[in-house]
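Reader: I am new to this. Please take one part of this structure and walk me through it closely.

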Amino acid sequence: MSGAAPAKGHQVSDAGPVSAAAAGAPTDEARRRGLRRMRSLALGLLLLAAVVYALTLGLSGGWGYVHAAAEASMVGAFADWFAVTALFRHPLGIPVPHTALIPARKDTLARSLQSFVTENFLSEAVVRRRIADAEISRRLGGWLREEGHSRRVVDEASVLLRAALARFDDDEASLLIQTELLPRLADEPLSAVAGRLLQEVVAEGAHRGLVDLAVTEGHRWLVDNPETVYRVLGSRAPWWTPQWLDERVMEKIHAESVAWLTEIRDDPDHSARHAIDDLLGKLADDLQHDPETMASAERLKQRVVSQPQVLAAATSLWSGVRRALNSALADPDSQLRRRALFRLCELGRQLVEDQALQARVDGYASDAAAFVVGRYGDELTTVITDTVRRWDGDETARRIELHVGRDLQFIRINGTLVGALAGLVIYAVTRLA
């Protein structure tokens, strides 16, 4: 019924009424009821012992044993009542020394609890042992190996990535590039880095594919565009040379250029290729060690970065990448999502079957957990002391009693019963002596 109050024993959250079972823990009201029941039981045993004591007072024979047991039972009940009550408040409001321990020493108790948690739960050895026992990699692999589980990961990740892409639009990307990336790129010396990178490229021969592409495309262009070549060369010819001579020279230059590029293209060991290698190697060394070359490279970088077209090109590139990613993530049958699904399933299979991979992944997880605990463990446990420090002393006692007071009442009950047994034994021994 709309507007009805939630039923007793339920908690109310932003989403509506939530049952105590759904909340995963009993409510404070349930704890209070349990505490009252146990207090009533402990008090009832004390009153029962008092009644028995009064009824057997002055009787002889076997009743003497009952009387002694009832007397000792009351003593045990009172002693344990005092002990339990002294934890939370002054018994009967009398400020007896070393009573009301929790309100008086809550900060000390909190520090002790913090030390206990740190030493026994957040130590590196404990965390590493728990990670090893958990077999995280094997369990994760078994879960990911199921296609339905991996598909769920891909689906959820796609939703999150699309949401992130939607929030980071072109204007924000342009602002980030303009205010953060380009200024940092301009201030960061890159000549030495570029020199080392170029040196590695030349040493590995990774540039040769680009050289092949440039030579092949240059040869194709010269073959397909002789008129353009003639027009460019003709514009540079002297005015006083005859036309027929210019044409012969241009034809010769074009033919020799095509022939030269053909030789370079077809001969992997051509001298021009070695010259390019030497040139790039010299440039890589100069970018790292020659001050003039390094300064020239930095000036070139500054001029390139300061061009407005760089910002426009970078923003346009990001926009295109964002649209392509968004489209691929939105399509369940896209190549990107199918590839991600295949890779996740394959990773799950490897984690289950490859023990060496399991050991590496578990080692990474153990190292990460140990790093977090070692670096932030003390800060994490300070939540205990900081929280308790903000609590009022009496409020702290009420909170703790509400959670553990019901179990503490068993001390009173046991004290009553054990006291009766002890009194009975002592009386019997006395009579026998």
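**A close look at helix H17**

Author: At 1.5 Å a residue, helix H17, with its 19 residues (335-353), should span 27 Å, and its end C-alpha atoms are indeed 27 Å apart. The expected span is 1.5 Å times one less than the number of residues. Helices here are DSSP runs of H or I, at least four residues, numbered from the N terminus.

A note on the source. This is a predicted model: local features need pLDDT of at least 70, side-chain atom pairs count only at pLDDT 80 or more, and totals for chains, interfaces and linings use all residues. Residues are numbered from 1 along each chain as its sequence is written, and side-chain values use heavy atoms, leaving out hydrogens and water.

Now the buried side. Arg337, Leu341, Leu344, Cys345, Gly348 and Leu351 of H17 are buried (under 20% relative accessible area, 1.4 Å probe, protein chains only). Seen down the axis of H17, they fall within an arc of 125°, so they line one face of the helix. The arc is taken from the directions from the helix axis to the C-beta atoms. An α-helix has 3.6 residues a turn, so residues three or four places apart point the same way.

What does this face pack against? The partners of the buried residues are helices H7 (136-145), H8 (147-167), H16 (308-330) and H18 (355-390).

Take Leu351, which lies in H17. Its relative accessible area is 2%, so Leu351 is buried. Beyond its neighbours within four places in sequence, Leu351 is in contact with Ser137, Arg138, Leu140, Gly141, Leu357, Gln358 and Val361. Contact means heavy atoms within 4.5 Å.

How values were computed
Helix = DSSP H or I, 4+ residues; strand = E, 2+ residues; numbered from the N terminus. Buried < 20%, exposed > 50% of the residue type's maximum accessible area, 1.4 Å probe, protein only.
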